[in-house]
Structures are given as C-alpha cells and as structure tokens.
There are 2 protein chains.
Amino acid sequence: MQIGLGFWASKVLLSAVEMGVFTELAGRPESLPELTGRLGLHPRSARDFLDALVALGLIERRGDEYRNLPPADFFLDRRKPSYVGGMLEMANHRLFGFWNNLTTALRTGEPQNEVKSGDPDVFSHLYADPERLRGFLKAMSGISKGANRIIASKFPWKNYKTAVDVGTAQGDLIVQIALANPHISGIGFDLAEVAPIFEEYVAEHGLSSRVSFRAGSFFDLPLPKADVVTMGHILHDWDLEQKKLLIRKAFDAIPPGGALIAYDSIIDDDRCENAFGLLMSLNMLIETSGGFDYTGAECQSWMKEAGFRETRIEHLVGPDSMVIAIK
Amino acid sequence: MQIGLGFWASKVLLSAVEMGVFTELAGRPESLPELTGRLGLHPRSARDFLDALVALGLIERRGDEYRNLPPADFFLDRRKPSYVGGMLEMANHRLFGFWNNLTTALRTGEPQNEVKSGDPDVFSHLYADPERLRGFLKAMSGISKGANRIIASKFPWKNYKTAVDVGTAQGDLIVQIALANPHISGIGFDLAEVAPIFEEYVAEHGLSSRVSFRAGSFFDLPLPKADVVTMGHILHDWDLEQKKLLIRKAFDAIPPGGALIAYDSIIDDDRCENAFGLLMSLNMLIETSGGFDYTGAECQSWMKEAGFRETRIEHLVGPDSMVIAIK
C-alpha cells in the first residue's frame, strides 16, 4: 500500500517545488498564516500540505514557524546554485501526467508524451521553445551534478589533456572536469539551440577560455576529436543500434589510450537490485521510441564490440555508475 | 529525488495490479515469453516492467521464471479472499490522474475528481453505477480488513450484545466482529444501493441470521439503536459540522455505557509523524468538498462535546488507530 499510494507523497513534494515552498522558506522561517498568504494556498489545504512536508522529513515546524531542513534548503531553494529541483519541475509538469498512461505504454511499446499529440520526438518538443529548453537543460544539470563532480575528481585526468562532452546540455560535466583539472581543455557538443545556454553557464564558472561549444547532431556528424569522450545520461535515450553507433563514434574520436566514459543509472547485471535504473528505463519507454537503460555487462560488451581493449565500471552516487572504456 | 520520482514505482505497481500480474503468477511461476503473452505486454517493455517488480520486492526471478513473493501472493492475487488490491485499482483508475491536479486543489480548496465534470459529490458518482459501486466497496474492505480484525478481537465485546456499523459498505467490519464474537448480532447501515453487495458478503460468511442491513442516509435518519456504534473510515469524509453531527447521532443511538468506535488514519497530535494520515487528508481534499483527517485529540474533544464521558485511543495497524468513546 505504501508503494502503491506512494504517488501521494511524491506529488506533494512536486507541488511544493512548483509553488516554491523551499525557496520561500530559505529566506526565513514563516508561520502558517504568513506562508498560506505568500504561497497562495487555500486555508482548507495549507496546514495538511505543510504538515505533510514536515512528516516527510523535508521541513520542520518549531513553535508556530515552519523552516527548511538542511537538505531541502540546500537542494530545493531555487536561488541556490545547488538547486536540483529542475528534474522535479519537469516530473511535475510533464512526467506525472504521462506516467498515468503507463499501462498503454506497457501494452504498445509506444511513448506516452508530447509525441502522442504530434511532436516527432521528445527532444524536438523540448528544444522547440527556448524557455522549455532552458528548463530541461537545467533539470539535466540538477540530476547530474553529483555524478559529474565525482567523475571530475575520481577519473585519472592527469593522463589526458582534452575532453569532449557529447550531448552536453548546460555543460555541467565538462565544467566540473575543467574546474577540478586546470590542465584540461574541453568541448561541449550539442544541438545549436543549446549554445547560448551552455556559453552562459561556462562564463558563470569563468571557464570561457578553456571550454567551448561545438554545434551539431551526434548522429549526423563525427564527434569532435579529444583524448576523452564523455556521455552523461545520453546512451539510455537511444535504441540498441543508436547506442552502438554512438560508442563507435566515440571510438573513432579518441586516440589509442584515449577513454570513453558513459554514465547512466546502470542496472545491476542480475537486474534485480537497481530499481531506479529499471524505472528510469520505463521512463525512457514513456519518453522515447526506442530508449532503454542497460546493465554494466551489456554496455561493456557493446564497447568491446566497437574495439575498446579495456572496460571497467565504477559506482558514482545514488543509482548512477560510469562505464569506462580504454581504446 | 526518491520521494519526488516515487510516482514511478507507485504507478508500476498500480499497472501490475491492473494487468493482473500477481493473479497470473499465483497460478504458477512463468517465464518471460509466457508472461509477456498472457499479460499482453509489448516485448519492448516486458522485461523492464517485470524486473522493476523484482527490484521493488514484489516478485522474484529464479532461473528463467518469475514467481510471486509471499506478501504479493497473499494480498494481490485477485482470486484470494485476502486480496487488498481494490484500493490500488481505484488509485490506478481514478486517484493517480486526479492527484495530477493537486496544486489546483491546494490553491482553491476544491475537489479534483468527477465533481469537476458535474457529479454533485464523489459518493453520487461511485454509487450511480452498480459495477463501480461494487469496486469501491471491495476497495474499502481491502484497506479496512486488517484494522477490522483487530477491532473484532481487541475491543471488549463481551460487555455488549449489539452493534451497528455506520457507512458499512460491504460490511467487513460488522462481519469480522460477528465472526469473532458469536454472541453479537449486528446491523450494517448504508445507502440502499449497497444492500445486495452487503447481503452477498454476509451470506458468504454464513452470518445472515445475525447480521442484517438497514438502508438509509446517516445524515437524514437517526442511526439504528445498538450497544456499540462503529464508523470505519467514515468521519474523515466529512467537514467539521458533519463530523460532529455524526458523533452526536452515535451518542443518541447507544445506551449509557454504550460505545462509539471511530477509526481512520488518525494523525498524531503534533501532526509531524503520521505522513500517511496527512496525505490521506489531502486525498480527502481531492475527493470531497469538506472532508479531512484529524488528530486523536481533536476527535476526543468532539466526542466529549457530544456528551461522551470517557474516551481513549488505541493503535490498530499501519497508520490506523481507533478512538473509543463511552457514553
């Protein structure tokens, strides 16, 4: 019953992010009447809503005042750079409703998002409107930042000089790598629409001299040459042939000794533990026409097939692991 | 992120109940191709869907075969009397979609269910169609049975001879009380549409000689007289004045020394622990025009106000507690 009605707690948090509860409370603790007014809550719902957030461990109530608990304050205040709520905003606006049609997706194998109302694919929909694109790219940074920082510090960057991040979005991965490794210069590769958003993000981090943008489709063009190719939350968007094509393109872009780092919510080889990875794969069913998440063993076999001589898997954070392949 | 994307796991279980995964596997273990065919799954989705159920701890995969784990086999096989999936079926068909409008409910205080498309209230909608009513009443039995059995064994029934269950639905509470206490005779009180479903359920349990149905609205009629009045998951459906009216009517229906037993997902007095009770109260926001869940202290104060001389709270199971009031 807790799993089956788990969408209640989930939607309460999504609505709280939408209404800016944690951003509001990051300013200062507030009383029930004050919060009710500032958030535009109806008196009937305000107390249950806020107390549910208390019981879920996101905020606390001391005396008459509600205040953020530290994790919500750090990760869910929209004004902090550590904000990761973009993915939750997208879940709230798009995914929750689309997932209501999961049974149809399970029976047909067809996506259940904007594609049903005529968009050719999810990326065309997301990229068509600059504000929507910015929201999506920020959401991607939010769910990737933790993993990106670990890759920036854990991978032996001292052995390499250049990196290209494929499907770079806002560019957080190449930014984190360049911040932690001042000898690395890098390229973010993505569709042209992404350029201004990427360049703004790179400039904010003072990296415009070492990190640049290359525009293009990774299916239509060869990947830019570099010592290391990275792909964060990219491979799972595509079907098997497309996955293999991207891995071959990475192989062609790097020199002998170069590396491909691909990360996703890699599913355990027995496919019975990483529930998030399996659910993410069903999210790819909802969102794409052929995407799926995969096990470490599968990814390593595709890499071997492309010619890489060595592969290994390293856990990053939460459900994410990286698969590293050396040419 | 786990809470915010918690609707993924939730919807996977809801779709599994809808598609009869656990009912199918209760027969015998089945392989992936066999299950794919029998459930009507698309090959693209079948393996991720079933392995997600494995990773969520609902079923297991041994060798090539999927099989129910014992709790899913007991509670989610539609053919077993212990089936509690009715509530999950209702969550899947109705609530998941309605909850997508939680933010609107929070801003307006208005229900977000069939009422929006013209039904006067949720009960009119549910009671209007016999099949829908049967589904709803079975769902209510499913989420109440555990609590009902505890009430049947824990309350000092030896001190009483008759009981009336108000808003009885299928009648599971009065049935459990009568099964565990052969000296008790009881009445189930609910709207006339419920009669055939109630009577069938009572007959199945061989109790037709001791348990009978009384038709009527508990707002329009006095409650039938009895030593004990019970109300399971009833008070939370109604607004404060209606709650107090029902408690006063219970007071009027019992003799001095008689008892009222009301149970719900009673919220802890500090309103910071029973998340399920607070979320259930938001479900009443989605479903009703004035309903809400309440703390033990609130309920006891309404009972005292109605004239009851003694009240106490006893925990039942999961989020449910009962409030007992003695006249």
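Q: Why can the copies be said to meet through the same surface?
A: In this predicted model, 100% of the interface residues of chain B are also interface residues in chain A, so both copies use the same surface.

Q: What makes the two copies related as by a two-fold rotation axis?
A: A turn of 180° with a shift of 0.0 Å along the axis lays chain B on chain A, at an RMSD of 0.0 Å. The copies are thus related as by a two-fold rotation axis. Of the residues of chain B, Phe7(B) comes closest to that axis, its C-alpha lying at 2.1 Å.

Q: Why is Leu53(A) called buried?
A: The relative accessible area of Leu53(A) is 0%, and buried means under 20%, so the term applies. Leu53(A) sits in helix α4, residues 43-55 of chain A. Leaving aside residues up to four places away in sequence, Leu53(A) touches Val12(A), Leu13(A), Ala16(A), Val21(A), Phe22(A), Leu58(A) and Ile59(A).

Q: How do you know that Cys272(A) is in no disulfide?
A: The closest cysteine sulfur, in Cys299(A), is 19 Å from that of Cys272(A). A disulfide needs sulfur atoms within 2.5 Å, so this pair is too far for a bond. In chain B, Cys299(B) is likewise in no disulfide, with the sulfur of Cys272(B) as its nearest, 19 Å away. Over all chains, the search finds zero disulfides.

Q: Why is Cys272(A) called partly exposed, and what is Cys299(B) called, buried or exposed?
A: Cys272(A) has a relative accessible area of 29%; this falls between the 20% and 50% cut-offs, so Cys272(A) is partly exposed. Cys299(B), at 0%, is under 20% and therefore counts as buried.

Terms used:
Residues numbered from 1 in each chain as written. Chains lettered and ligands numbered in written order. Predicted model: local features only at pLDDT ≥ 70, side-chain atom pairs only at ≥ 80, totals over all residues. Heavy atoms only, no water. Helix = DSSP H or I, 4+ residues; strand = E, 2+ residues; numbered from the N terminus. Buried < 20%, exposed > 50% of the residue type's maximum accessible area, 1.4 Å probe, protein only. Contact = heavy atoms within 4.5 Å. Least-squares fit on C-alpha atoms with pLDDT ≥ 70 in both.
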